[in-house]
Amino acid sequence: MQYKCVPAPMQITINNKSSYDGAVRSFADLINSEAVSGWKFHSMESIKVRQDPGCLAGLFGQRGETVEYNMLVFYNEDLKSSGNNWICKKCKNENRMAALFCNSCGEKK
Ligand SMILES: [Zn+2]
């Protein structure tokens with residue numbers, strides 16, 4: 001069993017009911033698009049990430065800020081942490097031996 005995390009939309013801005021429906025559906029689309037390659041939805045978590053100010057902002061005494069991000073956690077029962085799988089060099093996702101492309105970012109094996 002393998003787990004992976006995918007960034008979730010930070011917030012959903014709406015101005016009428018139809019856009020609310022659309023925003024919620026796009027969330028479902030995100031989950032479904034992972035399901036196609038065998039990843040099942042596990043949960044949504046939030047993590048705090050500290051962003052350091054850029055060079056210039058640092059010069060002016062600005063401090064880093066902590067931003068909270070949401071992420072969707074998926075699991076894949078078919079993937080085992082065995083030597084037969086390969087790790088994507090781009091995104092570090094673990095892929096099935098038979099897969100020619102990374103099922104997370106599409107990078108070639
Ligand atoms: Zn990848």
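1. Glu 77 is placed in the loop between β3 and β4. Here helices (H or I, at least four residues) and strands (E, at least two) are DSSP runs, numbered from the N terminus. Glu 77 is exposed because 10 C-beta neighbours lie inside 10 Å; a residue is buried if 20 or more other C-beta atoms lie within 10 Å of its own, exposed if 12 or fewer, and partly exposed in between, with C-beta atoms placed from the backbone. This is a predicted model, in which local features need pLDDT of at least 70, side-chain atom pairs count only at pLDDT 80 or more, and totals for chains, interfaces and linings use all residues. Residues are numbered from 1 along each chain as its sequence is written.

2. Which residue, 75 positions from Glu 77 along the chain, has its C-alpha atom 6.6 Å away? It is Gln 2, a residue of strand β1. Gln 2 has 18 C-beta neighbours inside 10 Å and is therefore classed as partly exposed.

3. The protein chain as a whole contains two helices and five strands. Read from the N terminus, the elements follow the order β-α-β-α-β-β-β. Of its 109 residues, 9% count as buried. Two residues are in contact if their C-beta atoms, placed from the backbone, lie within 7 Å. Among the contacts with a separation of 6 or more, 49% join residues 24 or more positions apart.

4. Three strands form an open sheet in the order β1-β3-β2, and their pairing is antiparallel. The edge strands are β1 (2-7) and β2 (40-51), each of which pairs on one side only. On average, and with direction ignored, neighbouring strands of this sheet are turned by 30 degrees against each other; axes are lines fitted to C-alpha atoms, for helices over the stretch in contact, and angles run from 0 to 180 degrees between N-to-C directions. As background, strands of a sheet pair through backbone hydrogen bonds, either parallel or antiparallel.

5. How many bridges link β2 and β3? There are 11 between β2 and β3 (residues 65-76), and the sense is antiparallel; two strands pair if DSSP finds at least two bridges between them. Individual partners can be followed along this pairing. Met 44 has Leu 72 in β3 as its bridge partner, Ser 46 has Asn 70 in β3, and Lys 48 stands opposite Glu 68 in β3. The strand β2 is hardly covered, since none of its 12 residues is counted as buried.

6. On the other side of the sheet order, β1 and β3 run antiparallel and are joined by six bridges. Val 6, which belongs to strand β1, stands opposite Leu 72 in β3. Leu 72 is also the partner of Met 44. The reader may compare the two pairings directly in the model.

7. Is Val 6 buried or exposed? Neither label applies: Val 6 is partly exposed, because 16 other C-beta atoms lie within 10 Å. Leaving aside residues up to four places away in sequence, Val 6 touches Glu 34, Met 71, Leu 72 and Phe 74. Val 6 and Glu 34 are 28 residues apart in sequence, and their C-alpha atoms are 9.4 Å apart in space.

8. A last point concerns Lys 92, in the loop between β4 (86-87) and β5 (94-95). Lys 92 is not a glycine, yet it has a positive phi of about 65 degrees. Lys 92 counts as exposed because 11 other C-beta atoms lie within 10 Å. The loop residue Glu 77 is likewise exposed, with 10 C-beta neighbours inside 10 Å.
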